[in-house]
Amino acid sequence: MNHLSSTKTVPDAGLMPKHIAIIMDGNGRWATKRFLPRVAGHVKGVDAVRGIVEACIKRDISFLTLFAFSSENWRRPADEVSLLMRLFVTALEKEVKKMHDNNIRLKIVGDLSRFDLPLQEAIQQAQELTAANTRLTVTICANYGGRWDIVQAVNKLTSANPSQNDITEEMLESHLSMAYAPEPDLFIRTGGETRISNFLLWQLAYTELYFTDTFWPDFNAKALDEAIHSYQARERRFGRTSAQVSGASKTE
Ligand code: IPE
Ligand code: IPE
Ligand code: MG
């Protein structure tokens, strides 16, 4: 499965990342710092998403994956959760048509069964409308958890093949919710925390990690370029030695 082999094939140093995955953190603190309610930070955060999607298109990035709501975020106060849901619905209503016009494929991954039915339907429609688009795939992780993803993959795999007992990595990977995408090359977390918070646990195995103190609403094209430059200055080795990677043979 070639498209899943980023942990096996070393991309040339200095290339643009193909897939960027972002934990959009710091909305609440952005707002609190300005004596605004936390929700104001989430509203500004949607604007930042728009800016970064545009920047990714200009930079020819193929996959952008955004962590919008984790399976743990239900633990927040009920009014913040319901506001986030409303924002999600509004953003879908406002942005999907524009995304479609820009040849963007939209995917929403996570345990969607916990969302209201109208939201589930809006998600379904947005995905269907944009399914054949090819310029950039934007994945929104909503009610997503990396552990949930691995467990749902195991469940799908074992229910499809009840007598299967030698499960391989490739078999499991093909049932992960983002099996349509290569593993992320570059992971970015805004907002100053240096943790993964149950994001793409399986897929981040060999991703280059980048953490910035910038709060998500302030994260713009220039900040994205800083992350990309940091990525381009690194040597990805996937277990090999530096001499091997800079030599001629880069694949298995
Ligand atoms: C990220 O910002 C957005 C979501 C988790 C939905 P936060 O809301 O976590 O902002 P901080 O971390 O409290 O500043
Ligand atoms: C991670 O942010 C999830 C999203 C950005 C959607 P959190 O702010 O919820 O992460 P923790 O709980 O502080 O690790
Ligand atoms: Mg946070």
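Hi everyone, let me start with I20. Setting aside neighbours within four places in sequence, I20 is in contact with I61, F63, L64, T65, L186, I188, L224 and I228. Before going further, please keep in mind that this is a predicted model.

So where does I20 sit? You'll find I20 in strand β1. Its relative accessibility is 0%, so I20 counts as buried. There is also a nice long-range pairing here: I20 and D185 are 165 residues apart in sequence, yet their C-alpha atoms are 6.1 Å apart in space.

That takes us to the core. In soluble globular proteins, nonpolar side chains tend to be buried together. Here the largest nonpolar core has 42 residues, and those touching the most other members are I20, I22, L64, L106, V138, I188 and L224. Which element gives the most to this core? That is α3, with 7 residues.

Have a look at L224 as well. Not counting residues up to four places away in sequence, L224 touches I20, I52, A55, C56, R59, I188 and F219. Another core lies apart from the largest one; this other core has 13 residues, including A21, F67, A181 and F199.

Now for the annotated positions. The unreviewed UniProt entry places the feature "active site" at D25 and N73. These two are spread over 49 residues of sequence, but they cluster in space, with a largest C-alpha distance of 12.0 Å. Both D25 and N73 are included in the lining of the largest pocket.

Let me take them one at a time. D25 is in the loop between β1, residues 19-23, and α1, residues 27-33. Is D25 buried or exposed? Its relative accessible area is 16%, and the cut-off for buried is under 20%, so D25 is buried. Leaving out neighbours within four places in sequence, the contacts of D25 are R189, T190, G191, E193, T214, F215 and W216.

N73 is in a loop too, between β2, residues 63-70, and α3, residues 78-101. With a relative accessible area of 16%, N73 is buried. What does the side chain of N73 reach at 2.7 Å? The answer is the backbone nitrogen of S70.

Next, the pocket. The largest pocket holds about 1,100 Å³ of space. Of the 49 residues that line this pocket, the closest to its centre are M24, G45, V49, F67 and A68. If you have been following along, you will remember F67 from the 13-residue core. As for the elements, α1, α2 (38-58), β2, α3, β3 (104-109) and β4 (136-144) each supply at least two residues of the lining.

Two more residues before I finish. T130 lies in helix α4, which runs over residues 117-130. At 0% relative accessibility, T130 counts as buried. Apart from its neighbours within four places in sequence, T130 is in contact with H100, I104, R105 and L106, and L106 is one of the core residues I listed earlier.

The other one is H229, in helix α7, residues 221-232. Buried or exposed, then, for H229? At 51% relative accessibility, against a cut-off of over 50%, H229 counts as exposed. H229 also has a partner from far along the chain: L15 is 214 residues apart from H229 in sequence, while their C-alpha atoms are separated by 9.8 Å.

That's my tour, and thanks for listening!

Methods:
Residues are numbered from 1 along each chain as its sequence is written. Chains are lettered from A and ligands numbered from 1 in the order in which they are written. This is a predicted model: local features need pLDDT of at least 70, side-chain atom pairs count only at pLDDT 80 or more; totals for chains, interfaces and linings use all residues. Side-chain values use heavy atoms; hydrogens and water are left out. UniProt positions are given in the numbering used here, feature names are shortened, and annotations may be inferred rather than shown by experiment. On a 1 Å grid over the protein atoms alone, a cavity is a set of points where a 1.4 Å probe fits but cannot get out, and a pocket is an open set with protein on both sides within 12 Å along at least five of seven lines; lining residues have an atom within 4 Å of a point. Helices (H or I, at least four residues) and strands (E, at least two) are DSSP runs, numbered from the N terminus. Buried means under 20% relative accessible area, exposed over 50%, partly exposed in between (1.4 Å probe, protein chains only). Contact means heavy atoms within 4.5 Å. A polar contact is a pair of N or O atoms within 3.5 Å; within protein, one must be able to donate a hydrogen and the other to accept it, and residues adjacent in sequence count only if both atoms are side-chain atoms. A nonpolar core is a set of buried Ala, Val, Leu, Ile, Met, Phe, Trp, Tyr and Cys residues joined through side-chain atoms within 4.5 Å. Grid points are joined across faces, edges and corners, and a volume is the space filled by probe spheres set on the points.
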